[in-house]
Amino acid sequence: QVQLVESGGGLVQAGGSLSLVCEASGSMFRIISMGWDRQAPGKERELVATINSGNSINYADSVKGRFVISRDYAGNTVYLQMNNLKPEDTAVYYCNVYYYSDPVSHDIAWGRGTLVTVSS
């Protein structure tokens, strides 16, 4: 069973920075991509950023130029550096990993989430 453990959320003033960390563990044949989603109160979950095994990166338009995703391949850890935070970034941030469980089967796992609150 694959487990994801997130850390680094908290309260920050607008314009500040926070770093999120997520470590994946468990049986995975090969990781396809890792990433972060978020869900704000009363809103649907949305993609924030992803990074795949070829180091290709995607960001939501709302965070481009402010957030940076990176990955430690040796440790199956993904990071999200969030700069110039805005109140609208307030949400629960969920880590995810998309992986092959064997040479032909793929699956996705999610962390429990970490709360980021940005005060104005």
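How many of the 10 residues of strand β9 are buried?

## A covered strand

Strand β9 spans residues 91-100, and seven of its 10 residues are buried, leaving the strand mostly covered. Here "buried" stands for a relative accessible area under 20%, "exposed" for over 50%, and "partly exposed" for values in between, using a 1.4 Å probe and protein chains only. Strands are DSSP runs of E with at least two residues, numbered from the N terminus.

This is a predicted model, where local features need pLDDT of at least 70, side-chain atom pairs need pLDDT 80 or more, and totals for chains, interfaces and linings use all residues. Residues are numbered from 1 along each chain as its sequence is written, and side-chain values use heavy atoms, without hydrogens or water.

## The partners of β9

Two strands pair if DSSP finds at least two bridges between them. With strand β4 (residues 30-39), β9 pairs in the antiparallel sense over nine bridges; in one of them, Trp-36 is matched with Cys-95 of β9.

Strand β10 (residues 106-110) also runs antiparallel to β9, with five bridges, and a hairpin of five residues links β9 to β10. Three bridges join β9 to strand β11 (residues 114-119), again antiparallel, and there Ala-91 has Val-116 as its bridge partner.

## A charge over two rings

Look at Arg-45: its charged end sits over the ring of Tyr-94, 3.7 Å from the centre. The charged end of Arg-45 also sits over the ring of Trp-110, 5.1 Å from the centre. The rule asks for NZ of Lys or CZ of Arg within 6 Å of the ring centre and within 35 degrees of the ring normal.

Notes:
Helices (H or I, at least four residues) and strands (E, at least two) are DSSP runs, numbered from the N terminus.
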